[in-house]
Amino acid sequence: MHHYSAVEFAVGSLPLGMNASYRFPVVDSEAGSVQNVDVQIMEEVEVKTPAGSFAAYKVKLKRPEGEVFLYLGKDSPHVLVKQEVPAQAMIMELKSLTKK
């Protein structure tokens, strides 16, 4: 099951750049324990979604139950444009984006 939404969005507020890596302690409320989530910026990619094309960083989140790949826009704020959860065969993409 997918539990780390807050971490995934928090990653977008970090100063992202190639080869950057981070580690977050996260409380797993189901297990009643604290577990580390490792974050690694893997590469720069062009991502096409229903909301358009985005220059993005591919970011790997490594958690005890598996890996998640985030695609965060390179421009600040780093908008989450795509997410892949291989263990659940799930891909989520940004459908629209309204700038204010």
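Start by selecting Leu 70 and Gln 83: in this predicted model, Leu 70 stands opposite Gln 83, which belongs to strand E5. Show both as sticks and keep the backbone as a cartoon.

**Stop 1: E4 and its partners**

Now select residues 80-85, which make up E5, along with E4. Four bridges join these two strands, and they run antiparallel. To see how the chain gets from E4 to E5, follow the backbone through six residues, which complete a hairpin.

Next, turn to the other pairing of E4. Select residues 52-63, and you have strand E3, which is joined to E4 by eight bridges, again in an antiparallel arrangement. How many residues lie between E3 and E4 in their hairpin? There are two residues between them. For one pair to click on, pick Leu 61: its bridge partner in E4 is Val 68.

Colour residues 66-73 to pick out E4 itself. Is E4 largely enclosed or not, and why? Six of its eight residues are buried, so the rest of the structure largely encloses this strand.

**Stop 2: salt bridges**

How many salt bridges does the structure hold? It holds four, and we'll call at some of them.

Stay with E3 and E4 for a moment and select Lys 60 and Glu 67. Their side chains meet in a salt bridge, 3.8 Å from N to O. Glu 67 has 31% relative accessibility, so it counts as partly exposed.

Hop over to Lys 82 and Glu 84. These side chains also form a salt bridge, with an N to O distance of 3.5 Å. Are these two buried or exposed? Glu 84 has a relative accessible area of 17% and is buried. Lys 82 is buried too, also with 17%. The cut-off to keep in mind is that buried means under 20%.

For another one, select Arg 23 and Asp 38, whose side chains meet at 2.6 Å, N to O. This pair links distant parts of the chain: Arg 23 sits in strand E1 (residues 21-28), Asp 38 sits in strand E2 (residues 33-49), and the two are 15 residues apart. Try a surface view here. Arg 23 is exposed, with a relative accessible area of 54%, while Asp 38 is partly exposed, at 26%.

**Stop 3: Val 34**

You can stay in E2 for this stop, since Val 34 is found in that strand. With 56% relative accessibility, Val 34 counts as exposed. What does Val 34 touch, leaving aside its neighbours within four places in sequence? It is in contact with Pro 25, Val 26 and Val 27. Then click on Phe 24 and check the C-alpha to C-alpha distance to Val 34: it is 9.8 Å, and the two residues are ten apart in sequence.

**Stop 4: rings and charges**

Show the aromatic side chains. How many aromatic pairs does a search of the whole structure find? It finds zero.

There are charges over rings to look at, though. Select Lys 58 and Phe 69: Lys 58 lies over the face of Phe 69, 4.9 Å from the ring centre. Then bring back Lys 82 and add Tyr 71. The charged end of Lys 82 sits over the ring of Tyr 71, at 5.4 Å from its centre. Keep Glu 84 on screen as well, and you can see the salt bridge between Glu 84 and Lys 82 in the same view.

Methods. Residues numbered from 1 in each chain as written. Predicted model: local features only at pLDDT ≥ 70, side-chain atom pairs only at ≥ 80, totals over all residues. Heavy atoms only, no water. Buried < 20%, exposed > 50% of the residue type's maximum accessible area, 1.4 Å probe, protein only. Pairing = 2+ DSSP bridges. Contact = heavy atoms within 4.5 Å. Phe/Tyr/Trp six-rings, centres within 6.5 Å; stacked < 30°, edge-to-face > 60°. Lys NZ or Arg CZ within 6 Å of the ring centre and 35° of its normal.
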